[in-house]
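Here are a few notes for your reading of this model, set out as numbered points. Please keep the structure open beside them.

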Amino acid sequence: MQISHDHLPLRRLGLAAAGSVVLLGIAAGPAAAHAEVSASDPRALAENVTLSFTSEAESDAAGIAELRVVLPQGIAPDAVTLKEAPEGWKLTATPDGYSVGGAALATGTDAEYSITVRQLPDAKSLAFKTLETYGDGKVSRWIEVPADGRKVDNPAPLLQLQPAAPGAKPIAPSPSPTPTPTPSAPAAGPSSPAPAAPAASPDAAREANAADSGSGNGVVLAIVAAVLVLGGAGAFRWTRRSRQS
C-alpha cells in the first residue's frame with residue numbers, strides 16, 4: 001500500500017504530540033508527598049476543635065516514627081490533647097508545640113492522628129510546621145509557609161479559618177501552676193528568755209515559812225539561854241563574895 005506524501009506531515013505531527021505527552025508524564029512523575037490538616041469546626045475562636053493531620057509516607061526504606069509540630073501563634077502547648085493516633089503513639093508537649101510518635105509505622109504507611117484544641121485563635125489561617133522523622137533517621141521538613149500566593153516546595157500544613165461565630169470571645173488561658181514555696185530557715189532573732197520556774201505549791205510555801213519561823217525561834221532561845229547562863233554566873237560570884245566577907 002502506498003502512502004500519500006500529503007499525509008506524512010500529519011502523521012509526524014501526531015507522533016511528535018504523543019511523544020510530548022509521554023515526556024510530560026515522565027517529568028511530572030508521581031505526586032509528591034505532603035502533610036495536611038483539617039478541622040471539625042474551622043472557625044476563628046471555635047472551642048474544643050478536633051484537628052486531624054495526615055502525613056504521607058515518602059520513604060521506601062523506613063516508616064514514620066515521629067511528627068514534631070510547631071504550633072501557630074495563639075495556641076499554647078498546654079491547650080492541646082491527643083485524641084487519636086497510631087497504636088502506642090503518645091503526645092509530648094514541647095516549648096513551642098508538641099511531638100507525637102512511637103514505634104515506626106510500616107514502610108509506606110501514612111501517619112494519621114488527631115488532637116483536640118481548647119480554642120482556635122482569631123486568625124485567617126493557621127500554619128502547623130511539621131518535621132517527619134523516619135525509623136532510619138531521615139527527616140522531612142514541611143515548614144514553608146506560602147506568601148503572596150506563591151507555591152513552595154515543602155509547604156506546612158495550612159488551615160484556612162472562617163470568621164468567628166457571632167458573640168464568640170477568647171476564653172481565658174489556663175492558669176500556670178503556682179510554684180511550691182521552699183521552706184526557709186527562720187530568721188535569727190533575740191534569744192528566747194528562759195522559762196520561768198514553776199510556782200511553788202501551797203504546801204511547799206507553808207513548809208518554807210515553817211522552816212523560816214523555826215530558825216527564827218531557835219535564835220531567840222539561844223539568846224535567852226546565854227543571858228540566863230551569864231546571869232547565873234554573876235549571881236554565883238556575888239554569893240561567894242558575900243560569904244567570904
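1. Which element gives the largest share of the lining of the largest cavity? In this predicted model, that share comes from β2, which supplies three residues. The elements that give two or more residues to this lining are β1 and β2, the latter spanning residues 47-55.

2. On the cavity itself, the count comes to one cavity of 30 Å³ or more, and about 30 Å³ of space lies in the largest cavity. Its lining is made up of A35, E36, F53, T54, S55, L67, Y113, T130 and P157, and these residues divide into five that are nonpolar, three that are polar and one that is charged.

3. Turning to the sheet, four strands are arranged in the order β1-β2-β7-β4, forming an open sheet in which the pairing is antiparallel. Because β1 (35-39) and β4 (80-84) stand at the edges and each have a single partner strand, one side of each is left without a neighbour in the sheet. On average, and with direction ignored, neighbouring strands of this sheet are turned by 30° against each other.

4. The pairing of β4 can be followed at the residue level. β4 and β7, the latter covering residues 111-119, run antiparallel and are joined by four bridges. When you inspect this pair, L82 is a convenient place to look, with I115 in β7 as its bridge partner.

Technical notes: Residues are numbered from 1 along each chain as its sequence is written. This is a predicted model: local features need pLDDT of at least 70, side-chain atom pairs count only at pLDDT 80 or more; totals for chains, interfaces and linings use all residues. Side-chain values use heavy atoms; hydrogens and water are left out. Two strands pair if DSSP finds at least two bridges between them. Axes are lines fitted to C-alpha atoms, for helices over the stretch in contact, and angles run from 0 to 180 degrees between N-to-C directions. On a 1 Å grid over the protein atoms alone, a cavity is a set of points where a 1.4 Å probe fits but cannot get out, and a pocket is an open set with protein on both sides within 12 Å along at least five of seven lines; lining residues have an atom within 4 Å of a point. Grid points are joined across faces, edges and corners, and a volume is the space filled by probe spheres set on the points. Ala, Val, Leu, Ile, Met, Phe, Trp, Tyr, Cys and Pro count as nonpolar, Asp, Glu, Lys and Arg as charged, and the others, Gly among them, as polar.
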